[in-house]
Amino acid sequence: MILRNFFLIFLTLALPIQAGYYAMITDLGISAQSIGLGNTHGYSDSSEAVFSNPATLKYSKGSSFSLFSAEVMSDIDYLQLSLSTQTDFGSIGVGVYQQKVTNIPATYEYLEATIGMKKIVQVGSYDYKNSMYKISYQHPLGNNGSFGLSYNHYNVTIDSYTGRGNNIDIGFLAPLYQSTISLYAQNIIPNRQVYYSNNSAETLPTIISLTHIIPVKDLTFIPQLSHQRSQLLFSTGLAYKPSFIPYFQLLCGYKQHLDYTAKKHQKFTFGFGLTLFLLDVYYAYERSDYYLKDHTSYISLNYQL
Amino acid sequence: MFLKSLLLCLFIVTFPVTLLGTLTLNNAGDFMSFNHFNPGRDISQPLLLLASRWQVSNFQSGSLANTANASNQLPPFFTDPPLVHPSPLSIKNGGVLGYGLSRNDMILDFRIYDAFGYEILKKEFRPNQIGGLRGYNRIELNPEFFDNNYLPAGVYLFVFIHNDELLGKGKFAVVP
């Protein structure tokens, strides 16, 4: 009886209510390093972990600053800024991830008498901004493990419309022989929504990612399985850090990815990283469907303060 | 354009009375069909076209089959830029994509991309059909147009391609 009641309560909480899913802008990738590794989690050593598994903040030494920027289809700007620091009682991080589009035509419809038909004309323009704010906390666990928690605030502005919502992420890191297991769950509170000023809402999708980070000599192999919007997605990354050039890193990845309509796509990604004293510079490349530009480039910087 | 073309074209059936028919033109002003006013009458008499702005008139078995306007000699371009109304668009409430075309013999490849750069919709607009008419075209943007897929709030980009060349592009925002 208890088990049945528990199951019913779980179903009530876990089943999505009748609303479309909110598009998570972080699905693009949180940094050039992460994109170069097929959008895998758990391998970062900087404050960008605020937007990934927060338990990974344990790899960030001292204080760290991260910046990621991309321009998709020459019209959509992405920017990620994050900061983290280690304290006596764990690591703390904050960050903002933004997607911005300017000059979207505002339109007006009028009846053109000569053709007996309504025509549409532009009467100005407006901007679109989708922001995600995060506060993260990481705490060490026994046996070299780590636990992390993030609070997410979502804020959307489309002309005069606004949308707001919030949710929680959790993450774990656990050593397994010579490798590490990363478990990362985004938006763990089921059926939380982003509410819009026009009385509509979108459900924040719960995304669960299980990643295995396996170092083999100069190589690190990172297979990952994610569950998102009722679909299983496989990704994998491969990082090569040659022992004879310790400041250089080659990245490649494969990812299965959902578009805005939840259709599955797959892509290969490539990249490299350079370490210059306390600064890490990463570049990633992937093909794009867009007719006018068949690829997208990503750049990110990490700095140990 | 429609009224102007009607005034310019006079159809006279020689006997017993004049102007016994209705002329049907498409949105671009080209001839589509002729319906007799009184089917009981003999309409086998010759049809006299007094004046026309059509540059090309094709006849089949002595009857006017179709026409092509001088505008089809123009290069392909948008006479009115592609725009979405209302903006931002709510798919559940519906909207319209409107644009004007300079020709009616163009095959238009229409593609929509999401903010990650993925192509989420591809359609083809053919000549003399909705979306491929010379003059102004209005495409209904409703759930059926998007194959009943939910489009999350965000910005979408679109392109029009003709003969593997970009004819025009635009963007629109969606609210839930």
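This report describes a predicted model of a complex, taking confidence, the contact between chains A and B, and selected strands in turn.

## Confidence of the prediction

For the complex, the predictor gives an ipTM of 0.91 and a pTM of 0.83. Chain B has an average pLDDT of 78, and 59% of its residues score at least 70.

Confidence varies among the elements of chain B: strand β12 (residues 154–162) of chain B has the highest mean pLDDT, 97, whereas strand β1 (residues 11–13) of chain B has the lowest, 38. The pLDDT is below 50 over residues 1–20 of chain B, a stretch that nevertheless has 43 contacts in the model beyond near neighbours in sequence.

## The contact between chains A and B

Chain A contributes 46 residues to the contact and chain B contributes 39 residues. On the side of chain A that touches chain B, the elements giving two or more residues are β3 (90–112), β4 (117–141), β5 (145–158), β6 (161–176) and β9 (201–203) of chain A. Of these, β3(A) gives the most, with 7 residues.

The side of chain A that touches chain B can also be described by residue class: it has 24 nonpolar, 14 polar and 8 charged residues.

## Architecture of chain B

Chain B contains 1 helix and 13 strands. Read from the N terminus, the order of its elements is α-β-β-β-β-β-β-β-β-β-β-β-β-β. Of the 176 residues in chain B, 32% are buried. Among the contacts in chain B with a separation of 6 or more, 54% are between residues 24 or more positions apart.

One open sheet of 4 strands in chain B has the order β10-β9-β12-β13, with antiparallel pairing. Its edge strands, each pairing on one side only, are β10 (119–125) and β13 (165–174) of chain B. From one strand to the next, the twist averages 20°. Within this sheet, strand β9 (residues 108–113) of chain B runs antiparallel to β10(B) and is joined to it by 6 bridges. In that pairing, L108(B) is opposite F125(B) of β10(B).

## Strands β10 to β12 of chain A

Strand β10 (residues 207–216) of chain A includes H212(A). H212(A) has 17 other C-beta atoms within 10 Å and is therefore partly exposed. Beyond its neighbours within four places in sequence, H212(A) is in contact with S179(A), I181(A) and P223(A). Q224(A) is 12 residues from H212(A) in sequence, and the C-alpha to C-alpha distance between the two is 6.4 Å.

β10(A) and β11(A) run antiparallel and are joined by 7 bridges, with I214(A) opposite F221(A) in β11(A). These two strands form a hairpin with 2 residues between them, in which K217(A) has a positive phi near 55°. Strand β11 (residues 219–228) of chain A has two faces: T220(A), I222(A), Q224(A), S226(A) and Q228(A) form the covered one, while L219(A), F221(A), P223(A), L225(A) and H227(A) form the uncovered one.

β11(A) is also joined by 10 bridges to strand β12 (residues 231–240) of chain A, and the two run antiparallel. Here Q228(A) is opposite Q231(A) in β12(A). The hairpin of β11(A) and β12(A) again has 2 residues between the strands, and R229(A) takes a positive phi near 45°.

## Strands β14 to β16 of chain A

Strand β14 (residues 264–276) of chain A pairs with β15(A) in the antiparallel sense over 8 bridges. In this pairing, G271(A) is opposite A284(A) in β15(A). The two strands form a hairpin with 2 residues between them, and F277(A) in the turn has a positive phi of about 55°.

The side chains alternate along strand β15 (residues 279–287) of chain A. D280(A), Y282(A), A284(A) and E286(A) are buried and point to one face, whereas L279(A), V281(A), Y283(A), Y285(A) and R287(A) point to the other and are not buried. β15(A) is also joined to strand β16 (residues 295–304) of chain A by 9 bridges, and these strands run antiparallel. The bridge partner of R287(A) in β16(A) is H295(A).

Definitions and conventions. Residues numbered from 1 in each chain as written. Chains lettered and ligands numbered in written order. Predicted model: local features only at pLDDT ≥ 70, side-chain atom pairs only at ≥ 80, totals over all residues. Contact = placed C-beta atoms within 7 Å. Nonpolar A, V, L, I, M, F, W, Y, C, P; charged D, E, K, R; others polar. Buried ≥ 20, exposed ≤ 12 C-beta atoms within 10 Å, placed from the backbone. pLDDT = per-residue confidence, 0-100. Pairing = 2+ DSSP bridges. Axes fitted to C-alpha atoms, helices over the stretch in contact; angles between N-to-C directions.
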